[in-house]
Amino acid sequence: MEIELCGIKMKNPTMLAAGILGSTASSLNWAAKSGAGAVVTKSFGLNSNKGYSNPTTVEVTGGVINAIGLSNPGVENFQMELKKLDGSVPAIASIYGANPDEFSKIATHIQEDVDAIELNVSCPHAMGGCGAAIGQDPLLTSSIVSAVKESVNVPILVKLTPNVTDIVEVAVSAQDAGADALTLINSLGPGMKIDITTGKPILSNRFGGMSGPAIKPVAVRCVYDVFDAVEIPVVGVGGIRNYEDVLEFIYAGATCVQIGTSIMYEGMEIFGKVVNDLEVFMEKMGYTKLEEMVGISHKQ
Ligand SMILES: Cc1cc2nc3c(=O)[nH]c(=O)nc-3n(C[C@H](O)[C@H](O)[C@H](O)COP(=O)(O)O)c2cc1C
């Protein structure tokens, strides 16, 4: 089950996705104890941010729509949580900012407390020009990735948005700017849900990013397209519920995967279960290493 992702050794190919129970050391340690091979924090920025007022999350058919607005306590406070991590699995800090300078400042501040940094340039409901407004522009993405790359020594993952005409163009510019790996995909949309009693949109921000099983086919297709175009590893995320879903991402080209929304349905136990089921499958099929399965759909 072991894999290596840009020099980071993981005991299995699953990670806690950014933003789902990753705001405190205790919830990150809980994911690690439950079997995740690595953990990604909730995205944090330079300064504290309240985010949107409630309701920020609503369930829809096939998943969840959220517009939390990247609420977080800011880098100084988040660093105190990072220092309390139990160190049992690699930790990846997810960070966001409005420009290359902000990203670099945060990355420099916390690089010694984590094994890697994931740049969130893809949140579909971020305030103040952070988020998908960056990740939809290959040049802006490139300027941020190269600025962070120059500032830190740890590997950099760049998390991309599916909400673009051509995800390959952004993926290639992130790679060319120095990304060590790409994470695909952030939530899809934005989408919305309306309360039929009042006629009002349910989320306070009206629109939010869609996650959960319904977005998995889009995520798998993004991984498939990007795998063909880049040389760096791809981390797949979007709607994973079980080992069969993990296999689809791996066959499309993912080196490893992240799990988010399904934790709301299955609990943290999902990590242990997925890894166990994947192991049984590999034994049955005669695979000895995960790498043997990466990208096999491209050979069909
Ligand atoms: C409630 C919620 C909060 C999220 N917060 C973040 C975040 O802070 N940073 C980020 O990069 N992605 C965030 N995401 C996106 C997830 O990390 C993931 O990319 C997306 O939900 C698709 O995976 P899933 O279907 O397994 O949840 C969030 C998703 C949800 C549902």
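A polar contact here is a pair of N or O atoms within 3.5 Å; within protein, one must be able to donate a hydrogen and the other to accept it, and residues adjacent in sequence count only if both atoms are side-chain atoms. The model is predicted, so local features need pLDDT of at least 70 and side-chain atom pairs pLDDT 80 or more, while totals for chains, interfaces and linings use all residues. Residues are numbered from 1 along each chain as its sequence is written, and side-chain values use heavy atoms, with hydrogens and water left out.

**Exercise 1. Find polar contacts of the ligand, starting with the side chain of Lys159.**

Step 1. Go to Lys159: an N or O atom in its side chain sits 2.7 Å from a ligand oxygen.

Step 2. Now try the backbone. Ile185 offers an N or O atom 2.9 Å from an oxygen of the ligand, and a polar backbone atom of Gly212 is 2.8 Å from a ligand oxygen.

Step 3. Check the cover: of the 600 Å² of accessible area that the ligand has on its own, the protein covers 97% (Shrake-Rupley method, 1.4 Å probe; for residues, only the protein chains shown count as cover).

Step 4. List the surroundings. There are 21 residues around the ligand, and the closest are Ala18, Ser43, Lys159, Gly239 and Thr261 (a heavy atom within 4 Å makes a residue count).

**Exercise 2. Which residues of helix 5 are buried, and what do they pack against?**

Step 1. Pick out the helix, residues 138–151 (helices are DSSP runs of H or I, at least four residues, and strands are E runs of at least two, numbered from the N terminus).

Step 2. Sort by burial (buried is under 20% relative accessible area, exposed over 50%, partly exposed in between, with a 1.4 Å probe and protein chains only). Thr141, Ile144, Val145, Ala147 and Val148 come out buried.

Step 3. Those residues lie on the same side of helix 5, because their arc around the axis is only 165 degrees (taken from the directions from the helix axis to the C-beta atoms). Leu139 and Glu150, on the other side, are exposed.

Step 4. Look for partners (contact means heavy atoms within 4.5 Å). The buried set packs against helix 3, strand 8, helix 4, strand 9 and helix 6.

**Exercise 3. Where is Tyr52, and which residues does Tyr52 touch?**

Step 1. Tyr52 is in the loop between strand 4 and strand 5.

Step 2. Tyr52 is partly exposed, at 21% relative accessible area.

Step 3. Leaving out residues up to four places away in sequence, Tyr52 touches Ala67, Ile68, Gly69, His125, Ala126, Met127, Ser204 and Asn205.

Key. The expected span of a helix is 1.5 Å times one less than its number of residues.
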